[in-house]
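I opened this entry to keep a record of what I looked up, one topic at a time. I began with how the chains touch and ended with a few backbone details.

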Amino acid sequence: MADIIMAGFGGQGVLTAGKILIDIAAREGKNVSWTSSYGAEMRGGTASCSVVISDEEIGSPYPTKLDILLAFNEPSYDKFIGDMRDGGTVIVNTSLISRDSWPENVNVYGVDATDRANAVGNGRAANIVMLGAMAQATGILDVDTFSAGLNAYFDHKGRNTPKNEECYRIGANELKKL
Amino acid sequence: MPVYRKPESIINTAGYCGGCGHGVIQRLIAESIEELGLQDHVIGCVDIACSFWSQDAMNFEFIAGPHGRCASVATGIKKVRPDATVYVHAGDGCSYVIGLAETMYAAIRDVPITMIVVNNGIFGMTGGQLNLATTLVGDKTLSSKAGRKVETMGHPVDMLKNIANCDVAFAARGALYDARHIDETKRFIKKGFENQMEKKGFSIIEVLSPCPTNWKLSPVEAMAKIKNENEKVFPVGVYVDRGGKD
Amino acid sequence: MSAEYVLMKGNEAIAEAALRAGCRFYAGYPITPQSEILEYMSVNMEKRGGVFIQGENEIASMSMLFGAAACGARCMSSSSGPGFDLKQEEISYLSAAGIPAVIVNAMRYGLGDGEITAGQDSYWVSTRGGGHGDKRILVLAPASVQECADLTYEAFDLAEKYRNVVEILSDGAICQMIEKCYLPEPHEHDMDKFDWTLTGKPRDARKNKAYNLSYYMGYEAYDKYMREKIEAMFENEQRWESFMVEDAELVLVAYGISSRVCRSAVRQARKEGMKLGLIRPITVWPYPRKAFKDVPESVKGYVTVEMSITSQMGEDILLATEFKKPLYGCLTSKELPTVEGIIDRCRDILAGKIKPMEVL
């Protein structure tokens with residue numbers, strides 16, 4: 001159903017964003033896989049995770065062609081934009097990524113994830129803003145289902161705050177087609 | 001008048017050479033265990049070297065660990081059988097050379113086992129090669145035929161000083177060259193087992209022990225060498241006795 | 001098995017399944033990509049009343065395991081690449097004394113330090129290794145997080161059944177990925193249930209010795225015991241999954257991470273009109289030779305799909321097929337195989353553009 005990569009700097013919550021997504025998708029009965037570029041994040045470089053969500057059995061957890069890309073920073077955008085399938089969806093963190101033009105074979109949406117998360121006093125939640133934008137842009141899961149799943153994820157971890165939901169809604173409501 | 005009585009835990013002869021100290025040490029272990037009433041719940045750990053024969057001589061359960069790894073093997077045993085008396089009977093090659101890391105970390109972890117190390121300054125089982133930790137400068141072995149040279153082989157090391165840097169229950173060195181020293185060694189070994197009974201931590205007892213076969217000396221000459229040469233480099237006595245700390 | 005799934009990494013599934021199998025002793029040393037096993041054990045082992053030790057090195061870790069396993073405890077260690085090399089000494093000692101244990105090898109790619117990323121070039125050290133001497137290690141190769149749990153759970157039973165070392169051969173991809181996993185039911189192991197263990201028996205009881213079985217059995221009896229044990233494992237424990245081999249023109253052979261990609265490739269190829277099939281060994285020792293008996297005579301050849309430079313599994317396939325069919329390679333070295341790459345390779349093979357692989 002969707003081959004996804006989320007990528008950014010270590011510390012932007014990229015890996016967690018992927019884990020939240022598979023947690024919610026799994027609750028919806030999907031088959032899921034998540035895997036990370038382990039090791040790389042330990043060296044202060046980019047961090048990325050691959051997520052596959054499917055109604056069918058999942059083969060490789062490392063998709064080579066992407067339906068969805070969440071680019072949290074410039075190097076990640078540059079690295080993965082060429083792997084997109086035609087008609088795929090790219091969410092860019094416009095706080096950190098700017099371009100004069102965007103590729104035409106894919107649907108590109110932007111949201112000021114870092115700035116907006118900082119503005120609501122939840123700077124570590126840029127990843128949730130990005131997830132909100134992704135949910136809205138792709139319809140991969142119903143936006144409200146996604147929201148409920150997000151709260152369930154953080155409740156289960158014992159560290160939920162209303163700001164998570166707020167950041168999620170910001171992402172879902174403020175994304176712009178680029 | 002004391003009556004000679006063989007410890008009941010010794011049920012067989014071992015394959016030790018004439019004049020070897022291993023048999024004396026084995027007896028001191030058996031006596032200590034029996035005097036403390038521990039003989040019904042013992043697991044011994046021997047090395048793939050001369051101490052190996054002890055597992056056939058003693059009426060205990062035994063494991064023969066990979067060469068050098070006795071302290072680790074005994075650690076694993078003690079962790080899952082904490083109520084058993086677990087001891088190591090191994091040589092100085094096992095304990096201080098190939099297995100130095102294993103010995104040091106058993107000490108660092110302060111594992112409540114009793115480790116008896118036979119310091120005879122040579123690799124006995126393999127036919128008499130240099131022991132990097134314990135062969136004295138100038139001593140001739142099959143792999144130092146002109147005598148140990150400091151320039152290429154370094155100095156022997158008093159490992160008990162290193163172990164004394166760790167927070168262990170007990171560390172001491174004894175010798176076997178006369179009755180007084182055998183008695184003292186027995187007290188050290190028994191203390192090691194008492195510490196284990198009282199769950200006090202790691203106890204290590206090193207014993208200066210003769211290897212007449214590989215030293216190419218008579219048993220009497222070998223005892224004299226320990227007294228006149230080896231003990232000068234490896235002084236007998238207590239290095240650590242932590243006392244009541246659990 | 002639990003009714004609820006959990007999302008966990010392959011490494012975590014291995015560790016949790018081991019605990020649920022009654023493993024109460026773990027000693028190991030960190031190395032990527034399997035350190036989560038050690039970390040998981042450091043958090044959870046003592047909660048289950050077991051012993052966790054971070055060893056000063058692999059050899060010491062395995063030696064501690066040797067002692068604990070000889071006492072009858074269910075024991076596990078884990079490593080990868082160069083760390084796994086260091087475990088060979090004690091695998092030989094465990095084998096000599098007939099002491100069961102479960103050892104995990106999460107393959108990373110390359111020689112020496114190699115890379116921390118996934119590879120499949122520790123096939124030989126796993127299937128032929130285990131140090132010196134003639135023995136076999138039962139090697140189970142999971143291809144999913146679920147299998148990480150299931151095979152690890154069962155590995156302890158197999159180890160005890162045969163008094164043999166069992167290895168879980170995962171790889172950097174399988175052990176690092178998160179999937180849904182249904183965990184097995186917790187089981188308490190009785191470490192006093194065997195008659196061969198060290199317990200520290202009283203003076204009148206027969207004493208056990210944990211050392212070379214040959215020393216106590218005599219070589220004639222020992223040789224017979226070992227031969228019969230190895231034959232029994234070979235006969236009874238071959239496991240595999242066959243996928244669409246019934247009418248296949250080419251049969252892919254792959255285990256672990258590569259086998260997942262192969263399944264996708266078989267499906268995709270059939271949509272494109274190319275009849276591929278797959279044999280997925282679940283045990284790589286014993287190699288599932290029986291699987292190859294079910295493949296129709298009409299098959300044109302086999303393709304080994306492996307992350308290695310030269311094929312390591314190829315010789316096992318040739319033995320299984322008795323050299324009757326050509327063997328081709330789809331060898332991806334440090335890179336994971338891809339569906340497209342496998343299909344392209346098979347198309348070229350069927351078009352006669354690729355020569356059969358010589359197994360070196």
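My entries on this predicted model follow below.

**Chain contacts.** I first asked which chains share the most contacts, and of the 2 pairs of chains in contact these are chains B and C. On that pair I noted 28 residues of chain B in contact with 30 residues of chain C. On the chain B side, the elements that give two or more residues are β1 (42–46), β2 (61–64), α3 (70–80) and α5 (100–109), and the largest share, 8 residues, comes from α3(B).

For chains A and C, I found 15 residues of chain A in contact with 18 residues of chain C. Here α1 (14–27) and β2 (31–36) of chain A each supply at least two residues, with β2(A) giving the largest share of that side, 5 residues. Between chain A and chain B I found no contact, their closest C-alpha atoms lying 29 Å apart.

**Domains of chain C.** I then looked up how chain C is divided, and the assignment gives domain 1 (6–184 + 209–236) and domain 2 (241–350). Their C-alpha centres lie 27 Å apart, and 25 residues of domain 1 are in contact with 20 residues of domain 2. On the domain 1 side, two or more residues come from each of α6 (123–127), β6 (138–140), β7 (165–171) and α9 (219–236) of chain C, and α6(C) gives the most, with 4 residues.

**Nonpolar core.** Next I asked which residues have the most contacts inside the largest nonpolar core, which has 252 residues; they are Val129(A), Met130(A), Ile63(B), Ile77(B), Ala68(C) and Leu252(C). Domain 1 and domain 2 of chain C both give residues to this core, so it lies between them. I followed Ile63(B) further and, leaving aside its neighbours within four places in sequence, found it in contact with Ile43(B), Cys45(B), Val73(B) and Ile77(B) of chain B, and with Gly67(C), Ala70(C), Leu198(C), Ala210(C) and Tyr211(C) of chain C.

**Helices of chain C.** I checked whether α1 (residues 10–20) of chain C is buried or exposed: 11 of its 11 residues are buried, so the helix is largely enclosed by the rest of the structure. Among these buried residues are Asn11(C), Glu12(C), Glu16(C) and Arg20(C). Just after α1(C), I noted that Gly22(C) takes a positive phi of about 100°.

I also looked at α3 (residues 58–70) and α5 (residues 88–97) of chain C, whose axes come within 9 Å and cross at roughly 15°; the two helices are therefore roughly parallel to each other, and their crossing is right-handed. The residues in this contact include Ile59(C), Met62(C) and Phe66(C) from α3(C), and Tyr93(C), Leu94(C) and Ala97(C) from α5(C).

**Backbone details.** Lastly I went through some peptide bonds and phi values. A cis peptide bond joins Thr32(C) and Pro33(C), with omega about 10°, and Pro33(C) lies in the loop between β2 (23–28) and α2 (35–44) of chain C. Another cis peptide bond joins Trp285(C) and Pro286(C), with omega about 0°, and Pro286(C) lies in the loop between β13 (283–285) and β14 (301–306) of chain C.

Lys199(B), a residue other than glycine, has a positive phi near 55° and is exposed, with 11 other C-beta atoms within 10 Å. Met244(C) also has a positive phi near 55°, but I found this residue partly exposed, with 17 other C-beta atoms within 10 Å.

How values were computed: Residues are numbered from 1 along each chain as its sequence is written. Chains are lettered from A and ligands numbered from 1 in the order in which they are written. This is a predicted model: local features need pLDDT of at least 70, side-chain atom pairs count only at pLDDT 80 or more; totals for chains, interfaces and linings use all residues. A nonpolar core is a set of buried Ala, Val, Leu, Ile, Met, Phe, Trp, Tyr and Cys residues joined through C-beta atoms within 7 Å. A residue is buried if 20 or more other C-beta atoms lie within 10 Å of its own, exposed if 12 or fewer, and partly exposed in between; C-beta atoms are placed from the backbone. Domain bounds come from an automatic or database domain assignment. Two residues are in contact if their C-beta atoms, placed from the backbone, lie within 7 Å. Axes are lines fitted to C-alpha atoms, for helices over the stretch in contact, and angles run from 0 to 180 degrees between N-to-C directions. Angles under 35 degrees count as roughly parallel, over 145 as roughly antiparallel, 65 to 115 as roughly perpendicular and the rest as oblique. A crossing is left-handed if the near helix is turned anticlockwise from the far one by less than a right angle, and right-handed if clockwise.
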